[in-house]
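User: Could you take a close look at how the helices pack in this protein? I would also enjoy a short tour of the backbone spots that stand out.

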Amino acid sequence: MLFPTRASAHRCISFVLRSQSNLLEKLSTVELTLDTSKMLSPLLKKLAPTVVAVLLPEAAFPLAKQYWQHTGDGISSRRAEFCHDLLKDGLFRRTDLNETLCEASTRANRAPKRYQRDRVNTDSKDALGHGVPAPDNTEESQESSRFLEERFGRNLDLSLVERAKSAIRRRIAGCIGQDIDVLCDTLPSMASNSRGLRDLHEDDVYLFPAGMNAIFNAHRALLSARGQMKSVNFGFPYVDTLKILQKFGPGCEFFGHASSSDLDKFEALLKDGHRFLALFCEFPGNPLLISPDLKRIRRLADEYDFAVVVDETIGTFANVNVLPAADIVVSSLTKIFSGDSNVMGGSAILNPSSRYYGQVKKAMSDIYEDTYWPEDAVFMERNSRDFLNRVDRINANAEAICATLKKHSSVRDVFYPKYNPSKHHYDEYRIPNRGYGGLLSIVFHSRQQAEAFYDSMEIAKGPSLGTNFTLCSPYVLLAHYQELPWAAEFGVAEDLVRISVGLEDTAILQNTFHRALGATETLPKTDQGCST
């Protein structure tokens with residue numbers, strides 16, 4: 001398994017050894033870095049790519065896969081492709097020698113011309129017959145630059161990477177114009193922002209290679225800042241969030257309904273003397289789109305001394321502003337912030353008004369590694385320029401689809417923040433004149449109707465959300481197949497159909513839903529010998 005840094009690779013090994021300590025002698029790492037003994041182009045040196053491989057026996061793979069899945073610590077496909085080319089061309093060297101490394105990976109080929117700048121000219125000899133350095137060749141330097149630009153998504157300038165990351169952070173903070181072009185525009189100051197916090201600075205926004213990595217590192221930072229304490233997962237969770245809290249610390253308490261009754265039970269624990277590291281929740285939740293009572297959670301946090309971490313991925317900061325109620329806000333940028341389905345990313349914002357700000361800020365300075373691959377950052381910045389306009393369109397489309405669904409006799413329930421009983425909790429943090437997001441879930445009267453609807457939907461099928469195109473998913477079957485009875489305990493039906501609404505023409509999209517709903521009309525409203 002491949003990781004971007006030695007620290008992340010070692011965390012994976014530690015996770016495996018906690019369950020299978022007998023594998024200690026069979027686990028190893030190999031770190032690959034640029035071979036600085038070769039004459040490399042300045043651009044390649046500036047990029048300084050690295051890959052750390054964890055070598056492990058097959059028996060350990062399921063555990064390593066859990067670590068990779070839950071934490072988001074692995075390398076991106078763009079980094080993998082780029083580094084694979086470097087390895088093939090002999091420009092990587094091992095900095096961790098290891099007996100178990102396959103000899104094939106140690107072969108060093110001569111670096112191709114495109115990577116080199118000052119090379120030995122084997123055709124020119126000095127008086128002793130030695131090769132002499134080739135003169136600094138402008139054409140060769142341009143060729144090297146062109147190669148890296150092509151590898152970075154066709155004419156993307158590597159020098160703009162830090163500027164792109166800065167633009168992403170400022171856009172997340174709500175202080176940058178949505179369509180600003182970092183190639184030619186001056187980035188605005190952080191003096192004002194849509195988050196409503198005067199002391200919010202760019203360095204309070206952290207970028208990560210995936211949304212799960214943002215959640216994982218928020219949890220790590222809190223453990224480092226406040227010590228080893230249990231956390232709380234409030235509301236039916238995205239799979240890996242709950243797993244992080246359960247597997248990477250002292251454990252957690254789980255309240256899966258996100259209801260007032262759940263808050264009553266949680267408050268009873270607090271009054272009995274139980275203390276917690278943090279409460280993690282989504283706003284709204286997935287897939288039932290329930291919005292937790294953030295105001296009450298904030299009051300309890302202030303009274304009983306725990307942090308509040310809010311995942312705003314589904315609500316998006318275009319629609320809701322939850323930072324004033326949270327100590328840390330996390331988000332998956334992979335979703336609607338990008339929209340184009342061609343890059344991953346995550347973010348975490350520290351609230352400068354939080355009582356834990358100083359502690360968590362110090363912890364982040366100790367643990368944070370910027371592993372966001374430059375090419376991914378450039379794509380993310382470009383994709384997100386029209387973020388607000390896309391959210392407006394998706395908000396409108398989602399409400400139109402909900403209206404279509406709610407009128408149909410085959411539909412038992414439509415779950416959407418605007419129509420849920422928890423709407424008033426959502427509205428407390430909804431930005432004026434903004435909407436309710438692009439995610440909704442449908443439950444039909446029978447599984448046969450759900451299957452007919454899903455099979456008849458003439459749109460893309462897949463488990464993600466926030467894409468620019470509409471996406472349909474049997475979400476519970478995909479995410480909780482091994483725990484369907486457990487999910488049902490929290491009102492999450494196994495035949496639920498989740499819809500992530502996209503940017504299509506509203507009328508065309510409504511017609512697509514009408515046709516799929518038509519396939520359900522002759523089917524019984526109670527399950528009768530349906531397939532499994």
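Analyst: Happy to help; here is the helix packing, followed by a buried serine and some backbone details.

A word on the ground rules: this is a predicted model, in which local features need pLDDT of at least 70 and side-chain atom pairs count only at pLDDT 80 or more, while totals for chains, interfaces and linings use all residues. Residues are numbered from 1 along each chain as its sequence is written, and side-chain values use heavy atoms, with hydrogens and water left out.

For the setting, the protein has 18 helices and 18 strands; these are DSSP runs numbered from the N terminus, helices being H or I of at least four residues and strands E of at least two. Of its 532 residues, 56% count as buried, where buried means under 20% relative accessible area, exposed over 50% and partly exposed in between, with a 1.4 Å probe and protein chains only. Among contacts between residues at least 6 apart in sequence, 71% join residues at least 24 apart; a contact means heavy atoms within 4.5 Å.

Now to the helices. Two packed helices are described by the angle between their axes and the distance between the axes. Take α13 (residues 387–406) and α18 (residues 506–518): their axes come within 10 Å and cross at roughly 30°. The axes are lines fitted to C-alpha atoms over the stretch in contact, with angles from 0 to 180 degrees between N-to-C directions. That crossing makes α13 roughly parallel to α18, given that angles under 35 degrees count as roughly parallel, over 145 as roughly antiparallel, 65 to 115 as roughly perpendicular and the rest as oblique. The crossing is right-handed, meaning that the near helix is turned clockwise from the far one by less than a right angle; anticlockwise would be left-handed. From α13, the contact uses Arg393, Asn397, Ala400, Ile401, Thr404 and Leu405, and α18 brings Thr506, Leu509, Gln510, Phe513, His514 and Leu517. These residues divide into six nonpolar, five polar and one charged (nonpolar: Ala, Val, Leu, Ile, Met, Phe, Trp, Tyr, Cys and Pro; charged: Asp, Glu, Lys and Arg; polar: the others, Gly among them).

The other pair is α6 (residues 161–173) with α12 (residues 374–383), whose axes come within 9 Å and cross at roughly 50°. That makes α6 oblique to α12, and the crossing is left-handed. Here α6 contributes Val161, Ala164, Lys165, Ala167, Ile168 and Arg171, while α12 contributes Pro374, Ala377, Val378, Met380 and Glu381. By class, this contact has eight nonpolar, no polar and three charged residues.

Turning to the strands, Ser331 sits in β12 (residues 328–332) and is buried, at 9% relative accessible area. Leaving aside residues up to four places away in sequence, Ser331 touches Gly211, Asp311, Glu312, Thr313, Gly346 and Ser347.

The loop after β12 holds one of the backbone spots you asked about. Ser341, in the loop between β12 and β13 (346–350), has a positive phi near 60° without being a glycine, and at 43% relative accessibility it is partly exposed. Ala258, another non-glycine, has a positive phi of about 55°; it lies in the loop between β9 (252–255) and α9 (260–271) and is buried, with a relative accessible area of 12%.

Finally, the loop between β10 (278–282) and α10 (294–304) contains Pro284 and also Pro287. The peptide bond from Phe283 to Pro284 is cis, with omega near -10°, and a cis bond also joins Asn286 and Pro287, with omega about 15°.
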